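Q: I'm new to this one. Could you take me through a close look at its largest pocket and the parts of the chain around it?

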Amino acid sequence: FPSDALCRVLIFLLTFASGFSAHVLLVIALQRYLLICRPFGQQLTLYWRRVSLGIITVVCLGYASPLLGIGGVRHSNSTFLNRTFPSHECVLSVEKSAGTVLYFGLIALISVANILITVALYVPITRAIYRTFSFRKRTLSYTSRDRRMSDSRTTQISHIEIQESPKHETSDIANNGKQTVSPKRAAKVHQKTRTCESKKDKVKATINLMFLIIILVYILSYIPTLAILIATYTLSDFTYLELSTAGINLWLFCARFLLLNHVVNPFIYGYFDIGFRAEFIKICCCFDKRKIEYSVNSQTT
């Protein structure tokens, strides 16, 4: 590895960013839980959401800062394919000791607890959303069936009144006929209202689905890295260079698998969140306009 200082800074930033992202997802899960499962209880207001971000920042700085001191480039003689050679590897801890094992055990415990609490919060959220939409689906089916039956009865009654009425009451029948149309108009207004409500429900469902996918990606991407971290500091006298070539590649892949969470998140937001996508397009258009203005100015000068 080319630089000891660069190694320490990169390890610190990776740990801080990963922890910050995980804890923010926990707060999002708590906010969705209170909003969906406890709608009439105390909610996370804007003030408390900002306070939670400040607390998360302080906590992440607290457990990521020691890496600036204990991390770095480890210089050693390594054996690979029966050949010994000097290696310079960027590691979380240069020296193994009881203190470093306790420290990384604490980080692993915080990460596992964060995952378990997030899952525990999202299980009742998923159940509540499923129950709500299944109930509304049944209600809509019953309402549409009753409306069709009511419309058919209204049409039959209006035809019978027209056939049994005298000829000199044609104008009254016409007026009555207009009055019999009013239930249909009321049904149309009711249908528009139900359509607006269903659109709002779809938006809410999309937002909940987006956060659910984000949290699933977070859980699946952190588990392999946590397993590698635990194995590194619990298996004594073990180095991944003792594995085969495929094993080494798999080990390093799993150790960096948590980066998938940061890579995938913008694409998930861009797919589900229309506002995020619109702002992103606006930023790109601004960059294009600046490039065009710069090229025009350079050509004129």
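A: Reading along the sequence of this predicted model, you meet the elements in the order α-α-α-β-β-α-α-α-α-α. That makes eight helices and two strands in the chain. Of the 301 residues, 27% count as buried. If you take the contacts between residues at least 6 apart in sequence, 74% of them join residues at least 24 apart.

Now to the pocket. The largest pocket holds about 1400 Å³ of space. It is lined by 48 residues, and V91, L92, L229, T232 and A255 are the closest to its centre. Where does the lining come from? At least two residues each are supplied by α1 (4–37), β1 (72–80), β2 (83–91), α4 (98–164), α5 (170–234) and α6 (245–255). Helix α1 gives the largest share, with nine residues. Sorted by class, the lining has 29 nonpolar residues, 12 polar ones and seven charged ones.

Both strands are on that list of suppliers, and here is how they pair up. β1 and β2 run antiparallel, joined by nine bridges. One pair you can look for is S78 with its bridge partner F85 in β2. The two strands form a hairpin with two residues between them, and L81, in the turn, has a positive phi of about 55 degrees. As a rule, side chains in a regular strand alternate between the two faces of the sheet.

Let's go back to α1, the helix with the largest share of the lining. S21 sits in this helix. Is S21 buried or exposed? Its relative accessibility is 14%, so S21 counts as buried, because the cut-off for buried is under 20%. Setting aside neighbours within four places in sequence, S21 is in contact with Y222, N261, H262 and N265.

Helix α4 brings us to N114. At 4% relative accessibility, N114 counts as buried. Which residues does N114 touch, leaving aside its neighbours within four places in sequence? They are A22, H23, L26 and Y218. Take A22 from that set: N114 and A22 are 92 residues apart in sequence, yet their C-alpha atoms are 7.2 Å apart in space.

One more stop is F257, in the loop between α6 and α7 (259–272). With a relative accessible area of 22%, F257 is partly exposed. Its contacts, again leaving out neighbours within four places in sequence, are L220, S221, P224 and T225. F257 and L226 are 31 residues apart in sequence, with 9.6 Å between their C-alpha atoms.

Finally, a word on what the record says. In an unreviewed entry, UniProt lists residues 6–30, 51–73, 101–123, 209–230 and 250–272 under "transmembrane region". How do two of those stretches look in the model? Residues 101–123 are 100% helix and 0% strand, and their end C-alpha atoms are 33 Å apart. Residues 51–73 are 78% helix and 9% strand, with 37 Å between the end C-alpha atoms.

Conventions. Residues numbered from 1 in each chain as written. Predicted model: local features only at pLDDT ≥ 70, side-chain atom pairs only at ≥ 80, totals over all residues. Heavy atoms only, no water. 1 Å grid on protein atoms, 1.4 Å probe; cavity = no way out; pocket = protein on both sides within 12 Å on 5 of 7 lines; lining within 4 Å. Points joined across faces, edges and corners; volume = space filled by probe spheres on them. Helix = DSSP H or I, 4+ residues; strand = E, 2+ residues; numbered from the N terminus. Nonpolar A, V, L, I, M, F, W, Y, C, P; charged D, E, K, R; others polar. UniProt positions renumbered as here; feature names shortened; annotations may be inferred. Buried < 20%, exposed > 50% of the residue type's maximum accessible area, 1.4 Å probe, protein only. Contact = heavy atoms within 4.5 Å. Pairing = 2+ DSSP bridges.
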